Amino acid sequence: MNVVLKKNMVVVGLLPRLAFANPFVPHITPLSLSRFLNVFPMRTMSTQRRKPARGPPTKVVLLQDCNLGEKGSVTEVKRGYARNSLVPNKIAAFLSPQNKHLIVPDAKSAAENRNLFANEETQTIRVSSKLSRSFIEFFRQEHKPFEIVQNTLSRIIQKQLRVDIPIERIEISKPINSFGAHQINIHVSDTVVIPFQVDVHPLKSKQGTASTNKR
(Lines give C-alpha, C1' and ligand atoms only; values in the text may rest on other atoms or scores of the structure.)
Protein backbone atom coordinates (compact mmCIF):
# COMPACT_ATOMS: atom_id res chain seq x y z
CA MET A 1 0.00 0.00 0.00
CA ASN A 2 2.88 2.35 0.79
CA VAL A 3 4.34 1.69 -2.65
CA VAL A 4 1.01 2.66 -4.28
CA LEU A 5 0.79 5.91 -2.28
CA LYS A 6 4.34 6.91 -3.13
CA LYS A 7 3.76 6.22 -6.79
CA ASN A 8 0.51 8.24 -6.72
CA MET A 9 2.26 11.16 -5.01
CA VAL A 10 4.94 11.19 -7.70
CA VAL A 11 2.32 11.26 -10.46
CA VAL A 12 0.35 14.03 -8.69
CA GLY A 13 3.55 16.06 -8.21
CA LEU A 14 4.37 15.85 -11.91
CA LEU A 15 0.86 16.80 -13.03
CA PRO A 16 1.26 20.62 -12.80
CA ARG A 17 4.31 20.46 -15.06
CA LEU A 18 2.43 18.34 -17.57
CA ALA A 19 -0.58 20.67 -17.49
CA PHE A 20 1.67 23.70 -17.98
CA ALA A 21 3.42 22.03 -20.90
CA ASN A 22 0.12 21.04 -22.50
CA PRO A 23 -2.44 23.89 -22.25
CA PHE A 24 -5.12 21.79 -23.98
CA VAL A 25 -5.83 19.78 -20.80
CA PRO A 26 -6.67 22.48 -18.26
CA HIS A 27 -9.49 20.43 -16.75
CA ILE A 28 -7.06 17.91 -15.19
CA THR A 29 -6.08 18.99 -11.70
CA PRO A 30 -4.15 17.29 -8.94
CA LEU A 31 -7.41 16.88 -6.99
CA SER A 32 -9.22 15.15 -9.86
CA LEU A 33 -6.25 12.89 -10.53
CA SER A 34 -6.02 11.98 -6.87
CA ARG A 35 -9.71 11.00 -6.86
CA PHE A 36 -9.13 8.95 -10.02
CA LEU A 37 -6.22 7.10 -8.44
CA ASN A 38 -8.25 6.35 -5.33
CA VAL A 39 -10.96 4.76 -7.44
CA PHE A 40 -8.53 2.93 -9.74
CA PRO A 41 -5.37 2.34 -7.71
CA MET A 42 -2.24 1.49 -9.65
CA ARG A 43 -1.20 -2.09 -9.15
CA THR A 44 2.46 -2.77 -8.51
CA MET A 45 4.49 -5.94 -8.02
CA SER A 46 4.03 -5.72 -4.25
CA THR A 47 0.22 -5.68 -4.55
CA GLN A 48 -0.17 -8.32 -7.25
CA ARG A 49 -1.89 -11.49 -6.19
CA ARG A 50 0.38 -14.48 -5.94
CA LYS A 51 -0.68 -18.01 -6.61
CA PRO A 52 -0.61 -20.19 -3.51
CA ALA A 53 2.42 -22.43 -3.34
CA ARG A 54 1.71 -26.06 -4.13
CA GLY A 55 2.40 -28.55 -1.38
CA PRO A 56 4.79 -31.47 -1.82
CA PRO A 57 3.46 -34.67 -3.41
CA THR A 58 2.12 -37.42 -1.21
CA LYS A 59 2.66 -41.17 -1.34
CA VAL A 60 -0.23 -43.54 -1.92
CA VAL A 61 -0.65 -47.31 -2.15
CA LEU A 62 -2.54 -48.45 -5.23
CA LEU A 63 -5.53 -50.67 -4.47
CA GLN A 64 -5.97 -51.79 -8.09
CA ASP A 65 -4.09 -51.86 -11.37
CA CYS A 66 -4.27 -48.52 -13.19
CA ASN A 67 -2.18 -46.15 -15.29
CA LEU A 68 -0.20 -45.21 -12.17
CA GLY A 69 1.12 -48.73 -11.67
CA GLU A 70 0.34 -52.18 -10.40
CA LYS A 71 -1.84 -53.07 -7.43
CA GLY A 72 0.13 -52.83 -4.19
CA SER A 73 2.80 -50.49 -5.53
CA VAL A 74 3.70 -47.16 -3.92
CA THR A 75 3.76 -44.00 -6.02
CA GLU A 76 3.79 -40.25 -5.54
CA VAL A 77 0.90 -38.05 -6.70
CA LYS A 78 -0.39 -34.54 -6.03
CA ARG A 79 -2.23 -34.16 -2.74
CA GLY A 80 -5.35 -32.77 -4.36
CA TYR A 81 -5.50 -35.59 -6.90
CA ALA A 82 -5.18 -38.18 -4.15
CA ARG A 83 -7.68 -36.46 -1.83
CA ASN A 84 -10.32 -35.66 -4.47
CA SER A 85 -10.07 -38.59 -6.86
CA LEU A 86 -7.93 -41.59 -5.93
CA VAL A 87 -8.94 -42.10 -2.31
CA PRO A 88 -12.72 -41.43 -2.72
CA ASN A 89 -12.88 -43.79 -5.70
CA LYS A 90 -10.93 -46.46 -3.78
CA ILE A 91 -8.19 -46.52 -6.39
CA ALA A 92 -5.49 -45.81 -3.80
CA ALA A 93 -5.00 -45.22 -0.11
CA PHE A 94 -2.68 -42.81 1.66
CA LEU A 95 0.55 -44.44 2.75
CA SER A 96 0.53 -44.79 6.52
CA PRO A 97 1.66 -47.31 9.13
CA GLN A 98 -1.88 -48.70 9.16
CA ASN A 99 -1.85 -49.28 5.37
CA LYS A 100 1.61 -50.84 5.02
CA HIS A 101 0.04 -54.30 4.83
CA LEU A 102 -1.39 -53.27 1.43
CA ILE A 103 2.09 -52.98 -0.12
CA VAL A 104 3.11 -55.79 -2.48
CA PRO A 105 6.95 -56.00 -2.59
CA ASP A 106 7.17 -57.11 -6.24
CA ALA A 107 4.61 -54.61 -7.55
CA LYS A 108 6.03 -51.69 -9.50
CA SER A 109 4.60 -48.28 -10.17
CA ALA A 110 4.48 -46.75 -13.64
CA ALA A 111 7.44 -44.50 -12.78
CA GLU A 112 9.51 -47.49 -11.65
CA ASN A 113 8.65 -49.37 -14.84
CA ARG A 114 9.73 -46.38 -16.93
CA ASN A 115 13.03 -46.15 -15.05
CA LEU A 116 13.57 -49.90 -15.36
CA PHE A 117 12.90 -49.80 -19.10
CA ALA A 118 15.27 -46.85 -19.51
CA ASN A 119 18.00 -48.66 -17.53
CA GLU A 120 17.56 -51.85 -19.56
CA GLU A 121 17.73 -49.90 -22.81
CA THR A 122 20.90 -48.11 -21.68
CA GLN A 123 22.46 -51.42 -20.62
CA THR A 124 21.58 -52.99 -23.97
CA ILE A 125 23.21 -50.13 -25.89
CA ARG A 126 26.35 -50.29 -23.73
CA VAL A 127 26.75 -54.08 -24.06
CA SER A 128 26.00 -54.04 -27.78
CA SER A 129 28.58 -51.34 -28.40
CA LYS A 130 31.23 -53.22 -26.44
CA LEU A 131 30.59 -56.57 -28.11
CA SER A 132 30.53 -55.09 -31.61
CA ARG A 133 34.03 -53.62 -31.06
CA SER A 134 35.61 -56.74 -29.52
CA PHE A 135 36.44 -60.32 -30.37
CA ILE A 136 37.94 -63.28 -28.53
CA GLU A 137 41.01 -65.33 -29.42
CA PHE A 138 41.53 -68.88 -28.17
CA PHE A 139 44.82 -70.73 -28.32
CA ARG A 140 44.74 -74.54 -28.42
CA GLN A 141 47.36 -77.20 -28.94
CA GLU A 142 47.54 -78.18 -32.56
CA HIS A 143 47.46 -81.99 -32.27
CA LYS A 144 44.86 -82.31 -29.52
CA PRO A 145 41.11 -82.28 -30.14
CA PHE A 146 39.13 -79.50 -28.45
CA GLU A 147 35.61 -78.15 -28.23
CA ILE A 148 34.46 -74.64 -27.38
CA VAL A 149 30.83 -74.51 -26.30
CA GLN A 150 28.44 -71.89 -24.88
CA ASN A 151 29.58 -72.46 -21.31
CA THR A 152 33.21 -71.72 -22.20
CA LEU A 153 32.29 -68.69 -24.29
CA SER A 154 30.13 -67.23 -21.54
CA ARG A 155 32.88 -67.69 -18.95
CA ILE A 156 35.60 -66.14 -21.14
CA ILE A 157 33.43 -63.18 -22.16
CA GLN A 158 32.68 -62.47 -18.52
CA LYS A 159 36.33 -62.83 -17.52
CA GLN A 160 37.86 -60.81 -20.32
CA LEU A 161 35.16 -58.27 -21.24
CA ARG A 162 33.45 -57.98 -17.84
CA VAL A 163 30.10 -58.62 -19.52
CA ASP A 164 27.67 -61.21 -18.21
CA ILE A 165 26.10 -63.15 -21.10
CA PRO A 166 23.84 -66.06 -20.10
CA ILE A 167 24.50 -69.36 -21.84
CA GLU A 168 21.06 -69.43 -23.45
CA ARG A 169 21.77 -66.10 -25.19
CA ILE A 170 24.83 -67.45 -27.04
CA GLU A 171 23.87 -68.96 -30.38
CA ILE A 172 26.24 -71.36 -32.16
CA SER A 173 25.32 -73.93 -34.76
CA LYS A 174 27.73 -76.53 -33.34
CA PRO A 175 30.68 -76.63 -30.91
CA ILE A 176 33.80 -74.90 -32.21
CA ASN A 177 36.45 -77.61 -32.78
CA SER A 178 38.66 -76.22 -35.54
CA PHE A 179 41.16 -73.41 -35.98
CA GLY A 180 40.27 -70.21 -37.74
CA ALA A 181 37.69 -67.45 -37.43
CA HIS A 182 34.20 -68.41 -36.31
CA GLN A 183 31.05 -66.30 -36.16
CA ILE A 184 28.53 -66.65 -33.37
CA ASN A 185 25.44 -64.65 -32.46
CA ILE A 186 24.85 -63.11 -29.04
CA HIS A 187 21.28 -62.17 -28.14
CA VAL A 188 21.81 -59.09 -26.00
CA SER A 189 18.03 -58.68 -25.66
CA ASP A 190 14.91 -60.14 -27.21
CA THR A 191 15.24 -57.80 -30.20
CA VAL A 192 19.00 -57.10 -30.43
CA VAL A 193 21.37 -59.71 -31.87
CA ILE A 194 25.09 -58.95 -32.17
CA PRO A 195 27.41 -60.98 -34.46
CA PHE A 196 30.51 -61.86 -32.45
CA GLN A 197 33.82 -63.17 -33.73
CA VAL A 198 35.77 -66.01 -32.11
CA ASP A 199 39.28 -66.75 -33.41
CA VAL A 200 41.04 -70.01 -32.59
CA HIS A 201 44.83 -70.21 -33.15
CA PRO A 202 47.38 -72.97 -32.69
CA LEU A 203 49.34 -72.68 -29.48
CA LYS A 204 52.93 -71.81 -30.39
CA SER A 205 54.36 -70.52 -27.11
CA LYS A 206 53.40 -69.99 -23.50
CA GLN A 207 50.45 -67.81 -24.32
CA GLY A 208 47.19 -67.75 -22.46
CA THR A 209 44.47 -70.12 -23.50
CA ALA A 210 42.23 -67.18 -24.35
CA SER A 211 42.64 -63.47 -24.94
CA THR A 212 40.55 -60.61 -26.11
CA ASN A 213 41.21 -57.87 -28.60
CA LYS A 214 39.38 -54.76 -29.59
CA ARG A 215 38.85 -53.89 -33.22
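A residue is called buried here when its relative accessible area is under 20%, and because Thr124 has a relative accessibility of 17%, Thr124 falls into that class. The model in which this value was computed is a predicted one, and Thr124 offers a convenient point of entry. Thr124 belongs to helix H4, which covers residues 110-132, and, once residues up to four places away in sequence are set aside, Thr124 touches Val188, Ser189 and Val192. For Val192, the separation along the chain is 68 residues, whereas the C-alpha atoms of Thr124 and Val192 are separated by 8.1 Å.

From this local view one can step back to the whole protein, which has 5 helices and 8 strands. Read from the N terminus on, these elements follow the order α-α-β-β-α-β-α-β-α-β-β-β-β. Of the 215 residues in the protein, 28% are buried, and the accessible surface amounts to about 15,600 Å², with 56% of that area belonging to carbon and sulfur atoms. When contacts with a separation of 6 or more are considered, residues 24 or more positions apart account for 55% of them; the pair of Thr124 and Val192, 68 residues apart along the chain, illustrates how sequence separation and spatial separation are to be read side by side.

Where do the buried residues of strand E4 lie, on one face or on both? Strand E4 spans residues 134-140, and 7 of its 7 residues are buried. The cover extends to both faces, with Ser134, Ile136, Phe138 and Arg140 buried on one side and Phe135, Glu137 and Phe139 buried on the other. Strand E4 pairs with strand E7, residues 193-202, in the parallel sense and over 6 bridges, and within this pairing Phe138 of E4 stands opposite Val200 in E7.

Val200 leads on to His182, since His182 is in contact with Val200 as well as with Ile176, Phe196, Gln197, Val198 and Asp199, its neighbours within four places in sequence being left aside. His182 sits in strand E6, which runs over residues 180-187, and it counts as buried because its relative accessibility is 18%. The side chain of His182 also reaches the backbone oxygen of Ser178, at 2.8 Å.

Elsewhere in the chain, 3 strands form an open sheet in the order E2-E1-E3, with antiparallel pairing. Strand E2 (74-77) and strand E3 (92-94) occupy the edges and each has a single partner strand, so one side of each is left without a neighbour in the sheet. From one strand to the next, the twist averages 45 degrees. Strand E1, residues 58-62, pairs with E3 in the antiparallel sense over 3 bridges, and the bridge partner of Val61 in E3 is Ala93.

Which residues supply the charged side chains of the salt bridge? Side chains of opposite charge can pair when their charged atoms come close. The count for this model comes to 1 salt bridge, in which the side chains of Arg169 and Asp190 meet at 3.7 Å from N to O. Arg169 lies in the loop between helix H5 (150-161) and strand E5 (170-171), while Asp190 lies in the loop between E6 and E7, so the pair ties together parts that are 21 residues apart in sequence. The two partners fall into separate exposure classes, because Arg169, at 26% relative accessibility, counts as partly exposed, whereas Asp190, at 71%, counts as exposed.

Two further loop residues deserve a look for their backbone angles. Most residues other than glycine have a negative phi. Lys90, although it is not a glycine, has a positive phi of about 60 degrees, and Arg162, likewise a residue other than glycine, has a positive phi near 60 degrees. Lys90 is placed in the loop between helix H3 (79-86) and E3, and because its relative accessibility is 64%, Lys90 counts as exposed. Arg162 is placed in the loop between H5 and E5, and it too counts as exposed because its relative accessibility is 61%.

Key: Residues numbered from 1 in each chain as written. Predicted model: local features only at pLDDT ≥ 70, side-chain atom pairs only at ≥ 80, totals over all residues. Heavy atoms only, no water. Helix = DSSP H or I, 4+ residues; strand = E, 2+ residues; numbered from the N terminus. Buried < 20%, exposed > 50% of the residue type's maximum accessible area, 1.4 Å probe, protein only. Polar contact = N/O pair within 3.5 Å; in protein donor to acceptor, adjacent residues only side chain to side chain. Contact = heavy atoms within 4.5 Å. Areas by Shrake-Rupley, 256 points an atom, 1.4 Å probe, with all protein chains shown as cover. Pairing = 2+ DSSP bridges. Axes fitted to C-alpha atoms, helices over the stretch in contact; angles between N-to-C directions. Salt bridge = Lys/Arg side-chain N within 4 Å of Asp/Glu carboxyl O.
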